[in-house]
Every structure is written in C-alpha cells, then in structure tokens.
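Reader: I am a first-year student and would like a close look at a single part of this protein, namely its interior and what lines up around that interior. Please explain each term when you first use it.

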Amino acid sequence: MNMSSVLWQGTQQTLYMVFFSTLVAVIVGFFLSIVLTLTAPDGLKPNKVVYGILDVIVNIFRSFPFIILMLLVIPLTRLIVGKSIGTTAAIVPLTIYAIPFIARVFENAMRETDAGVIEAAKSFGATDMQIIWRVYFKESVPRLLNGIVLLIINMVGASAMAGTVGGGGLGDVAIRKGYQSYDIKYLFWTSVILIVFVQLVQAVGNWLYRKKS
C-alpha cells in the first residue's frame, strides 16, 4: 500500500479504538461515579465501606501506566476477544484504563454541585434519584463534557501506545513504517494527524462547554 492508504487505515483503526473504548468507559464510569458520589462522606447515602472499597479500586487502576496495564490484562483480553493482539483486542485494556479515570473525573464534577441547590431540592421533597438526575447531573453537564473531551484526548495517546505492542492504529504505523523503516515521512504525518484530531476534539469540546454553560 502507498503512504496515504497506510495512514488512512491507521487513522480508521485509531478512531475505532478511541470511539468504542471511550463509549464503554463513559457508560460504566458514569454509573460508577454516581455510586461514588452517593456514598461519599458528603453524599446523599454516605457509606464508608462502599466508598472506601471503590475509592481504592479506582486509585489502584489509575496508578498503572497503560503499557503495563495492557500486558497485565492479556488473559482477560484473550477471554473476551479470543486474542491479545489487534485493534479489537486493544479496546479491552483501553477501556479498563479509561473507566477509573473518567469515573473519578465525573465524581469530582458532580461533587462540585452547590450544596445549597441540593438542600433546596431536598426541602421540596425531591427523591434521591430526582436529585441525582435533576440536580447533580444537570448542574454538572458542562464539567462532564469537559471530562469526556479530556478522556478522548487521553485515549488518543493510549491508542498510540497500544500500536507499539500490536494494537494497530497510527502508533503502529509510526513504529513500523516510520521508526523501524527509517522513514521520517510516516513519523511526521502520523504526528500531524494526531495533533489535528486532538485540536478538533478540543475545539468541539470548548464549543459544547460554552453552549451548555
């Protein structure tokens, strides 16, 4: 394949990894953040045991560099996907890496909600679920969007690292076609594509933040 075809294939693989890992992480991380917010010391249902266990788990998984985490979860990746190498296989460690990150970001975003607004909702007889969706969630939407943008940007970097160990994508192109083949053009254009993608994501995120604020 010529360079444009290789770069296009790598870009598609990167978008594929980033999209699905981000989607699953946001869904799982959001519900995890709700539990963390509810059971926090200042939450609606304080629970030291539940919050303490989840807090430790989140911190542990956030402590692992992605490249090490990717190697540690190879057995799980094989169990889920049937193989440990490839673009689809890379989604498993990417998702595991992303969930604790976005869960913590979402938790912090929701816990920044004005306590006065929460107390006012309680005084009007709002249930816990109503407070979660109509107060915590509604008040936190701009911050949650910022968190998703930050996650996507992090996933772009992590997906590039996944490419160095058989995950495919632009990282794989940069290593195989650029570094190992001593072709600076591949290194240059993969970097340009990643930079442009990150800038576009950030621009869209900033626009959404201004619209929702």
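Author: The answer below goes from the core to individual residues, then to the charged pairs, and ends at the surface.

This is a predicted model, in which local features need pLDDT of at least 70 and side-chain atom pairs count only at pLDDT 80 or more, while totals for chains, interfaces and linings use all residues. Residues are numbered from 1 along each chain as its sequence is written, and side-chain values use heavy atoms, with hydrogens and water left out.

The core is a good place to begin. The largest nonpolar core has 35 residues, where a nonpolar core is a set of buried Ala, Val, Leu, Ile, Met, Phe, Trp, Tyr and Cys residues joined through side-chain atoms within 4.5 Å. Buried here means under 20% relative accessible area, exposed means over 50%, and partly exposed lies in between (1.4 Å probe, protein chains only). Inside this core the residues with the most contacts are Leu44, Leu94, Ile131, Tyr136, Leu151 and Met155. Two or more residues each come from α1, α3 (66–72), α5 (87–111), α6 (115–123) and α7, and α7 gives the most, with twelve residues. These names follow DSSP runs numbered from the N terminus, with helices (H or I) of at least four residues and strands (E) of at least two.

Leu94 shows what such packing looks like from one residue. Setting aside neighbours within four places in sequence, Leu94 is in contact with Met17, Ser21, Phe66, Met155, Ala158 and Ser159, contact meaning heavy atoms within 4.5 Å. Besides the largest core there is a second, separate one of five residues, including Leu36, Ala40, Tyr51 and Leu54.

Phe106 gives another view from inside, this time within helix α5. Because its relative accessible area is 2%, Phe106 counts as buried. Beyond its neighbours within four places in sequence, Phe106 is in contact with Val26, Gly29, Phe30, Ser33, Leu144 and Ile148. Its C-alpha atom is separated by 9.0 Å from that of Leu32, although the two residues are 74 apart along the chain.

Helix α8 (residues 169–179) also contributes to the interior, with Gly169, Leu170, Gly171, Asp172, Val173, Ala174 and Gly178 buried. Those buried residues pack against α1, α7 and α9 (184–212).

Charged side chains can also be followed inwards. A search of the whole structure finds nine salt bridges, each being a side-chain nitrogen of Lys or Arg within 4 Å of a carboxyl oxygen of Asp or Glu. One of them joins Lys45 and Asp128, with N and O 3.4 Å apart. Lys45 lies in the loop between α1 and α2 (48–63) and Asp128 in helix α7, so this pair ties together parts that are 83 residues apart in sequence. Asp128 counts as partly exposed because its relative accessibility is 28%.

Two further pairs each sit within one helix. Arg111 and Glu107 form a salt bridge whose closest N and O atoms are 2.9 Å apart, and both residues lie in helix α5, four residues apart, about one turn of the helix. Arg111 is partly exposed at 31% relative accessibility, whereas Glu107 is buried at 1%. In helix α8, Arg176 and Asp172 are likewise four residues apart, about one turn, and their side chains meet in a salt bridge of 2.9 Å, N to O. Arg176 is partly exposed, with a relative accessible area of 39%, while Asp172, at 15%, is buried. Salt bridges that share partners also join Asp42, Asp55, Arg104, Glu107 and Arg111 into one network.

The outside offers a contrast. A nonpolar surface patch of about 910 Å² is made by Tyr16, Phe19, Phe20, Leu23, Val24, Ile27, Val28, Phe31, Met129 and Trp133. Patches are made of residues with over 30% relative accessible area and no salt bridge, like charges being joined within 9 Å and nonpolar side chains (Val, Leu, Ile, Met, Phe, Trp, Tyr) within 5 Å. Accessible areas come from the Shrake-Rupley method with a 1.4 Å probe, and for residues only the protein chains shown count as cover. The largest share of this patch, eight residues, comes from α1, and both α1 (3–39) and α7 (128–163) supply at least two residues. Phe19, found in helix α1, is partly exposed because its relative accessible area is 48%.
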